[in-house]
Amino acid sequence: MPIDPQSLIPKNNLNHLLQIDSALKRAGFECFLVGGSVRDLVMGKIPKEYDLTTNAEPKQVKRLFRTVIDTGIEHGTVTVVLDKIHYEITTYRIDKDYTDGRRPDHVEFGTTLSEDLKRRDFTMNALAFDLTTGLLVDEHSGQKDIQERTIRTIGNPIKRFSEDGLRPIRALRFASTLNFSIEPETKKAIHETKKITKKISLERFQDEILKSFLGQHPSRMIQLLAEEGIFQIFLPNLPTELIPQKDILERLDRTSNEIIGLQLALAFFSFIAETTLKELESILRTLKFSGQNTKDCLLFFDIISKWESGLKKNNVDEFSLKKEYLAPVKRHFQSRYKIDREFILKLTPIFGETTMQLVQIWEEEPPLLLTDLKLNGNHLAESFPNLPKTSYGTVLNHLLDLVLHAPKENEYSGLLRHSAQFISNLIN
C-alpha cells in the first residue's frame, strides 16, 4: 500500500514535518512518522495529528528547535511547536515491567526503531514511515490487518492488555471508529484482563467514550462496552446484563458530534432508559464527565424520556412542544449557542418528523420563557403593591401559560388585565 504524503497531508503540516525530519537527520539522528497517523495514511485518510519517533533523546531534540514543550519528558516525549501547531516527538523506547496495569515501571531509551515498534499496542499502530525516502516499515503485518480491517495486539493479547488496562478500551474504540473487527484471541483477552482494566483512571475511560463519539458509528462503542461488560467494571450498581435498544443506538449515529450532551443522553438512554435523573447524574459524575457535559446530558435525557412517553400517550400538541421541549432548550442553551433553524434540526434524532414543526414554531419567535413576557415582576409591584412577592411567580407562570397557548396575548396592557383577573381569583 504505497503512501502519497503530498495528497494526504495538508501542505502546512507536511512542510512542518519535513522541517522536523530534516533538522533531526542533519544532526545525525533517525526520524519516522509513527502510529495512528501512518495507519490513517495507509487507509487513505488525512491524519488528525502527527507523531514522530527518533533515536535522539529529549535533551537532544530540544537543542534543535526553538519552541519545545516537555509534555511527557519522563517517557521520552517532547512537543515541538511550529506556527502554533504541536508535533509530539518520542525517543525510541523499551517499556519495562508494568506492575500497576497502567504505565511501565520505568522506561529505557531504545536504540532501534524495531525495539520501539515492538512495544506498541496493535499491529495497525506499529507502522513507521520515512518522510524523505518513502520507506514504510511494517514488522508486524500491520498493513495486512488494516486491509482485513482487523484489530490485533502485537504478541500475546493477555500480556499486552495486562501491561496497560486502557488497551482493551482502545481496541473497542478503534473497532467503533474504524469499523474494524477485533481478532478472536484479542477479544477473548478483553474478558480475561478486566481486573487490569479496572485500574485505569475514570478520566481515561470517559475520554475513550468521547473519542468514539467523533466517529461515524459511536453506537458500536456503546454496544461493545455493553456486550463486554465494561460499564459494570466502573459502575458496579448497573445490571449484570445490558441490552441497548437498537433504535436508540441508530439515532445516536445520526446525532451531530457538536452536541456531546445529546450523544451522551442517547447512549445512556439506550440501556438505562428507566433510570432517574439523580441516578444518571451520579453515573456521569462517577465517570468524571465535565460539569457542562453532565448538565447537557441530563437536560436531553429528560427531554428524550418525556418525548418517548408522550408519543406513547399520543399527547404531543403545540403547547407541549413549546413548554416541554423548546422552552427548556432555549433556557439551557441560549447563553452558549445561537439557537436557530440549524440548531433545532440537530435535534432530529429526538423528535424525528416533528422536528420541522419545532422549526416552524421557533421561527415564529413565540414567547417561551418568563423573560420573554412583556410584563415582569417590577410591573406587578407597580400595579399591585399589596400582592405578596411570593405570589409573583404564580402570576407570571399563569401569564406564560396563557401566551404559550396564544402568543398574540403577549402585550403589556392585555397581560396587566389578565393579571388583575387572576389576582382577584387568587385572593377570593
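## Accessibility and the model

A residue counts as buried when its relative accessible area is under 20%, as exposed when that area is over 50%, and as partly exposed in between. The structure discussed here is a predicted model.

## Two residues with positive phi

Most residues other than glycine have a negative phi. Ser-141 has a positive phi of about 60°, although this residue is not a glycine. Its position is the loop that links β9 (136-138) to α6 (142-147). With a relative accessibility of 41%, Ser-141 is classed as partly exposed, because partly exposed covers the range between under 20% and over 50%.

Arg-149 is likewise a residue other than glycine with a positive phi, here near 55°. This arginine is located in the loop between α6 and β10 (150-151). The relative accessible area of Arg-149 is 38%, and the residue is therefore partly exposed.

## The seven-stranded sheet

An open sheet is formed by seven strands, arranged in the order β3-β4-β5-β2-β1-β8-β9, with mixed pairing. The edges are occupied by β3 (68-72) and β9; each has a single partner strand, so one side of each lacks a neighbour in the sheet. From one strand to the next, the twist averages 35°.

Within this sheet, strand β1 (residues 32-34) pairs with strand β2 (residues 51-54) in the antiparallel sense, over three bridges. Leu-33 has Leu-52 as its bridge partner in β2.

## Helix α2 and Asp-21

Helix α2 lies across four strands, namely β1, β2, β4 (77-82) and β5 (85-91). Relative to β5, the helix runs at about 35°.

Which residues does Asp-21 contact, leaving aside its neighbours within four places in sequence? The contacts are with Cys-31, Asp-130, Leu-131 and Thr-132. Asp-21 itself belongs to helix α2 (residues 11-26). Its relative accessible area is 1%, so Asp-21 is buried, given that the category requires a value under 20%.

## Cysteines

Cys-31, one of the contacts of Asp-21, has a relative accessibility of 1% and therefore counts as buried. Cys-297 is also buried, at 0% relative accessibility.

How many disulfides does the structure hold? The number is zero. A disulfide would require a pair of cysteine sulfur atoms within 2.5 Å.

Key. Residues numbered from 1 in each chain as written. Predicted model: local features only at pLDDT ≥ 70, side-chain atom pairs only at ≥ 80, totals over all residues. Heavy atoms only, no water. Buried < 20%, exposed > 50% of the residue type's maximum accessible area, 1.4 Å probe, protein only. Contact = heavy atoms within 4.5 Å. Pairing = 2+ DSSP bridges. Axes fitted to C-alpha atoms, helices over the stretch in contact; angles between N-to-C directions.
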